[in-house]
Amino acid sequence: QVQLVESGGGLVQAGGSLRLSCAASGSIFRFNVMGWHRQVPGKQRELVASITSGGFTNYADSVKGRFTIARDGAKDTVYLQMNSLKSEDTAVYYCFFVVDRTYWGQGTQVTVSS
């Protein structure tokens, strides 16, 4: 059984930075994709960034140039460095790992004040 534990959310002023982390517990011998979604109340969850086992990254247009996804394979951890944060980045951020199926973190709140 794989469990994902997120950390790093919080309150930050517009223009500031936050770094989210998502660590997997349990044995992950091979993952396909890991990454982050976010969700605002009343809206659909949207993909923010993802990274494949081969290191290929993908970003939502709204975060390109501001967010960077990275992984530490030895620690089964994925990170999301968020710079130049905007109020519209305010959301609950969920990490995910695709192994035999998709596993989700519990979500961490990111609030950007303008």
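Is Arg38 buried or exposed, judged by relative accessibility? At 6% relative accessibility, Arg38 counts as buried. The legends below describe a predicted model.

**Figure 1. Overall view of the predicted model, a protein of eleven strands and zero helices.** From the N terminus on, the order of elements is β-β-β-β-β-β-β-β-β-β-β. The radius of gyration is 13 Å, which agrees with the value near 13 Å expected for a compact globule with 114 residues. Along the principal axes, the C-alpha atoms fill a box of roughly 40 × 25 × 25 Å. Of the 114 residues, 41% are buried. The accessible surface comes to about 6,100 Å², and carbon and sulfur atoms account for 48% of this surface. Among contacts between residues at least 6 apart in sequence, 52% join residues at least 24 apart.

**Figure 2. Close-up of the salt bridge between Asp89 and Arg38.** The closest N and O atoms of this pair are 3.0 Å apart. Asp89 lies in the loop between β8 (77-82) and β9, whereas Arg38 belongs to strand β4, so the salt bridge ties together parts that are 51 residues apart in sequence. Asp89 has a relative accessible area of 0% and is therefore buried. Arg38, at 6% relative accessibility, also counts as buried.

**Figure 3. Close-up of the salt bridge between Asp89 and Arg66, with the network that includes both residues.** The side chains of Asp89 and Arg66 meet at 2.7 Å, N to O. Arg66 is placed in the loop between β6 (57-59) and β7 (67-72) and Asp89 in the loop between β8 and β9, so this pair ties together parts that are 23 residues apart in sequence. With a relative accessible area of 10%, Arg66 is buried. Through shared partners, salt bridges join Arg38, Glu46, Arg66 and Asp89 into one network.

**Figure 4. Close-up of the salt bridge between Asp61 and Lys64.** Side chains of opposite charge can pair when their charged atoms come close. For Asp61 and Lys64, the N to O distance is 3.1 Å. Both Asp61 and Lys64 are exposed. A search of the whole structure finds four salt bridges, of which this is one.

**Figure 5. Close-up of the aromatic pair Phe31 and Phe97.** The structure contains two aromatic pairs. In this one, the ring centres of Phe31 and Phe97 are 6.3 Å apart and the planes stand at 40 degrees, so the pair is tilted. Phe31 is located in the loop between β3 (18-25) and β4 (33-39), and Phe97 in strand β9 (residues 91-98); the pair thus links distant parts of the chain, 66 residues apart. Both Phe31 and Phe97 are buried.

**Figure 6. Close-up of the aromatic pair Phe96 and Trp104, with Arg45 over the face of Trp104.** Phe96 and Trp104 form a tilted pair, with 5.5 Å from centre to centre and 45 degrees between the planes. Phe96 counts as buried because its relative accessibility is 7%. Trp104, at 37% relative accessibility, counts as partly exposed. Arg45 lies over the face of Trp104, at 4.7 Å from the ring centre.

**Figure 7. Close-up of Arg19 over the ring of Tyr79.** The charged end of Arg19 is positioned 4.1 Å from the centre of the Tyr79 ring.

Note on methods:
Residues are numbered from 1 along each chain as its sequence is written. This is a predicted model: local features need pLDDT of at least 70, side-chain atom pairs count only at pLDDT 80 or more; totals for chains, interfaces and linings use all residues. Side-chain values use heavy atoms; hydrogens and water are left out. Rings of Phe, Tyr and Trp (its six-membered ring) pair if their centres lie within 6.5 Å; planes under 30 degrees apart count as stacked, over 60 as edge-to-face and the rest as tilted. Helices (H or I, at least four residues) and strands (E, at least two) are DSSP runs, numbered from the N terminus. Buried means under 20% relative accessible area, exposed over 50%, partly exposed in between (1.4 Å probe, protein chains only). A charge sits over a ring if NZ of Lys or CZ of Arg is within 6 Å of the ring centre and within 35 degrees of the ring normal. The radius of gyration is taken over C-alpha atoms; the globule rule is 2.2 Å times the number of residues to the power 0.38. Contact means heavy atoms within 4.5 Å. Accessible areas come from the Shrake-Rupley method with a 1.4 Å probe; for residues, only the protein chains shown count as cover.
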